[in-house]
Amino acid sequence: MLRTKRVLGSVFVFVAFVAVWWVVPGLLDIPRFILPTPPELVEEFWLALRERNLLTHTWITFVEIVLGFFLGSLLGIVVGYSLSFSRTLEVVISPYVLALQISPKIAFAPLFILWFGFGIFPKVLTAILVVFFPIMINVLVSVRFVDYDLIQLMRSFKASRWQIFWTVEFPSSLPALFSGLRIGATLAVIGVVVGELVGANIGLGYLLVVGEGQALTGLVLVTIFMLTILGMFFYFAVVAVEKVVLRWHVPAQAEGAGVQVVAP
């Protein structure tokens with residue numbers, strides 16, 4: 001019942017937003033090139049499908065996001081767990097990882113364009129940089145805060161370092177890992193779009209540049225809409241996988257049973 005009310009509330013907000021958007025431009029006499037109405041935006045959407053290869057641009061951006069998110073997540077997971085294994089390795093590597101995070105990763109996009117041209121590789125690299133850090137730090141911190149009594153219990157049974165990792169540390173770190181993956185799923189879209197804005201001849205970022213250069217507000221809004229759909233797809237894909245993998249986790253079980261979990 002509570003979930004139904006929330007869904008209806010979200011639908012109501014969306015309908016109200018569209019209604020206001022539909023009415024306001026006419027009341028305030030806002031021209032189409034400044035803010036098109038929803039029907040005009042639908043018209044622009046079909047025009048982009050027919051004449052601007054919107055689906056092709058969307059597919060290219062989709063592939064770049066998949067590669068950037070997958071490789072950035074894999075790198076963050078490997079580095080995070082590797083640093084958790086050794087304090088010495090963490091002390092040696094952490095300053096360089098921190099320096100990479102502090103530096104504006106968006107500034108690397110022009111450099112990647114200079115190095116690798118206008119293909120998909122620079123966009124994927126930019127996405128990898130953006131995705132890597134939140135996943136790595138979530139994994140590292142979660143392993144560091146595993147219940148020490150559980151580790152001591154495993155050691156009392158003569159468990160090896162790998163057995164402790166697979167039995168205690170890895171399962172305990174999964175909720176934090178998926179939190180990082182949720183963040184990374186949205187950041188991957190941002191990283192790819194920034195790469196395409198800097199230099200590309202295909203992709204949704206390229207369409208944004210075209211729309212801006214030709215003052216086509218409708219095309220810009222359509223492109224933003226497609227990017228939002230992509231971001232939501234990747235986010236909820238991670239959420240769906242999380243619900244399957246973390247069925248044992250208490251908040252997930254409570255939610256599945258219709259119980260609202262209140263944070264202390």
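Which residue follows α5, and what is the sign of its phi? Gly-117 follows α5, and its phi is positive, near 85°. The model is predicted. The chain holds 11 helices and zero strands. One salt bridge is present in the structure. The points below go from the whole chain to single residues.

**Overall build**

- From the N terminus on, the elements read α-α-α-α-α-α-α-α-α-α-α.
- The C-alpha trace spans about 75 × 55 × 30 Å along its principal axes.
- The chain has 264 residues, and 37% of them count as buried.
- Take the contacts with a separation of 6 or more: 70% of them join residues 24 or more positions apart.

**Surface and charge**

- The exposed area of the chain is about 15600 Å².
- Carbon and sulfur atoms supply 73% of that area.
- The chain carries 16 positive and 14 negative charges.
- The mean positions of the two sets of charges lie 11 Å apart.

**Helix α5**

- Helix α5 covers residues 108-116.
- Its buried residues are Ala-109, Phe-112 and Ile-113.
- These residues sit on the same side of α5, because they cover an arc of only 105° around the axis.
- The general rule is that an α-helix has 3.6 residues a turn, so residues three or four places apart point the same way.
- What do the buried residues of α5 pack against? They pack against α6 (121-144) and α8 (161-198).
- Leu-114 and Trp-115 are exposed, on the face of α5 turned away from its buried side.

**The salt bridge**

- The side chains of Arg-182 and Glu-242 form a salt bridge, at 2.8 Å from N to O.
- Arg-182 belongs to helix α8 and Glu-242 to helix α10 (residues 217-245), so the pair ties together parts 60 residues apart in sequence.
- Is each partner buried or exposed? Arg-182 is partly exposed, with a relative accessible area of 28%.
- Glu-242 counts as buried, at 13% relative accessibility.
- In general, side chains of opposite charge can pair when their charged atoms come close.

**Glu-196, a buried charge**

- Glu-196 lies in helix α8.
- Glu-196 is buried yet has no salt bridge.
- Which side chain of opposite charge is nearest to Glu-196? That side chain is Lys-123, 6.8 Å away.
- A salt bridge requires a side-chain nitrogen of Lys or Arg within 4 Å of a carboxyl oxygen, so the pair with Lys-123 does not count as one.
- Neighbours within four places in sequence aside, Glu-196 is in contact with residues including Thr-61, Glu-64 and Lys-123.
- Its contacts also include Ile-202, Gly-203, Leu-204, Gly-205 and Tyr-206.

**Thr-58**

- Thr-58 is found in helix α3.
- Thr-58 is buried, with a relative accessible area of 10%.
- Which residues does Thr-58 touch, not counting those up to four places away in sequence? It touches Leu-204, Met-226 and Leu-230.
- Leu-204 is also among the contacts of Glu-196.

**Positive phi in loops**

- Asn-53 is found in the loop between α2 (38-51) and α3 (54-85).
- Phi of Asn-53 is near 55°, a positive value in a residue other than glycine.
- Asn-53 is partly exposed, with a relative accessible area of 46%.
- Where does Ala-215 lie? Ala-215 lies in the loop between α9 (204-213) and α10.
- Ala-215, also a residue other than glycine, has a positive phi near 55°.
- Ala-215 is exposed, with a relative accessible area of 52%.
- Between Ala-215 and Ile-34 the C-alpha to C-alpha distance is 8.8 Å.
- In sequence, Ala-215 and Ile-34 are 181 residues apart.

Note on methods: Residues are numbered from 1 along each chain as its sequence is written. This is a predicted model: local features need pLDDT of at least 70, side-chain atom pairs count only at pLDDT 80 or more; totals for chains, interfaces and linings use all residues. Side-chain values use heavy atoms; hydrogens and water are left out. Buried means under 20% relative accessible area, exposed over 50%, partly exposed in between (1.4 Å probe, protein chains only). Helices (H or I, at least four residues) and strands (E, at least two) are DSSP runs, numbered from the N terminus. The arc is that of the directions from the helix axis to the C-beta atoms. Contact means heavy atoms within 4.5 Å. Accessible areas come from the Shrake-Rupley method with a 1.4 Å probe; for residues, only the protein chains shown count as cover. Lys and Arg count as positive and Asp and Glu as negative; His and the chain ends are not counted. The place of a charge is taken as NZ of Lys, CZ of Arg, CG of Asp or CD of Glu.
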